[in-house]
Amino acid sequence: MRPVKVINKSAYPLPKYETLHAAGLDVRANITEGMTIAPLQRVMVPTGLYVELPEGHEMQVRPRSGLAAKHGITVLNSPGTIDADYRGEIKIILVNLSSEPFTIEPGERIAQLIVSEYVRIEWEECDALSSTARGEGGFGSTSTK
């Protein structure tokens with residue numbers, strides 16, 4: 001485990017792993033009253049959390065499967081990325097893809113946070129790429145009929 005500096009200005013405990021092998025930390029809505037999301041509406045939900053990630057790491061914001069499956073609520077820019085040099089409040093962009101309004105309650109778990117290492121690249125311009133069996137096939141080209 002790697003330590004990550006965090007300031008918690010929310011009314012709730014820090015996000016935690018809900019099970020022993022969970023990859024994501026469940027983050028809560030830091031709101032004082034219910035926030036209703038109309039069908040196809042998007043909202044930015046505050047968390048009251050501020051982080052300092054280690055260099056070479058990002059924090060991904062992903063939907064919670066229960067909210068998505070039961071209510072059509074998902075993270076709009078999934079996965080969202082919080083960069084290591086961002087110091088503002090983490091806010092979650094949620095969208096309601098159902099046909100019914102949905103109300104987020106104070107302290108409700110609304111998304112998952114996953115911290116990952118990443119590799120920065122340097123472009124190497126060229127005139128050709130190596131060939132592979134797949135080639136330019138995409139969007140279903142590897143499935144069998």
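The following legends describe an overall view and several close-up views of a predicted model.

**Figure 1. Overall fold of the protein chain.** The secondary structure of this predicted model consists of one helix and 11 strands. In sequence order, the elements of the protein chain run β-β-β-β-β-β-α-β-β-β-β-β. The radius of gyration of the protein chain is 19 Å, well over the 15 Å given by the globule rule for 145 residues, so the chain is more spread out than a compact globule. Along the principal axes, the C-alpha atoms fill a box of roughly 55 × 40 × 30 Å. Of the contacts in the protein chain with a separation of 6 or more, 69% are accounted for by residues 24 or more positions apart.

**Figure 2. Surface and charge of the protein chain.** Buried residues constitute 31% of the 145 residues. The protein chain exposes about 10,300 Å², of which carbon and sulfur atoms supply 51%. There are 15 positive and 18 negative side chains, and the centres of these two sets are 8 Å apart.

**Figure 3. Strand 5 and its pairing with strand 1.** Strand 5 comprises residues 49-52, and its side chains alternate along the strand. L49 and V51 point to one face and are buried, whereas Y50 and E52 point to the other face and are not buried. In a regular strand, side chains alternate between the two faces of the sheet. Strand 1, residues 5-8, pairs with strand 5 in the antiparallel sense over four bridges. Within this view, V6 stands opposite V51 of strand 5.

**Figure 4. Surroundings of T47.** T47 lies in the loop between strand 4 (42-46) and strand 5. With a relative accessible area of 1%, T47 falls under the 20% limit and is therefore buried. Residues up to four places away in sequence aside, T47 touches S10, V27, R28, N30, E89, I90 and I92. The C-alpha atoms of T47 and M59 are 14 Å apart in space, and these residues are separated by 12 residues in sequence.

**Figure 5. Surroundings of G88.** G88 is located in the loop that links strand 8 (80-82) and strand 9 (91-96). Its relative accessible area is 21%, and G88 is therefore partly exposed, a class that lies between the limits of 20% and 50%. Apart from neighbours within four places in sequence, G88 is in contact with L49 and Y50; L49 is buried, and Y50 is not. From G88 to V51 the C-alpha distance is 7.9 Å, although 37 residues separate the two in sequence.

Key. Residues numbered from 1 in each chain as written. Predicted model: local features only at pLDDT ≥ 70, side-chain atom pairs only at ≥ 80, totals over all residues. Heavy atoms only, no water. Buried < 20%, exposed > 50% of the residue type's maximum accessible area, 1.4 Å probe, protein only. Helix = DSSP H or I, 4+ residues; strand = E, 2+ residues; numbered from the N terminus. Pairing = 2+ DSSP bridges. Rg over C-alpha atoms; globule rule 2.2 N^0.38 Å. Contact = heavy atoms within 4.5 Å. Areas by Shrake-Rupley, 256 points an atom, 1.4 Å probe, with all protein chains shown as cover. Lys, Arg positive; Asp, Glu negative; His and termini not counted. Charge placed at Lys NZ, Arg CZ, Asp CG, Glu CD.
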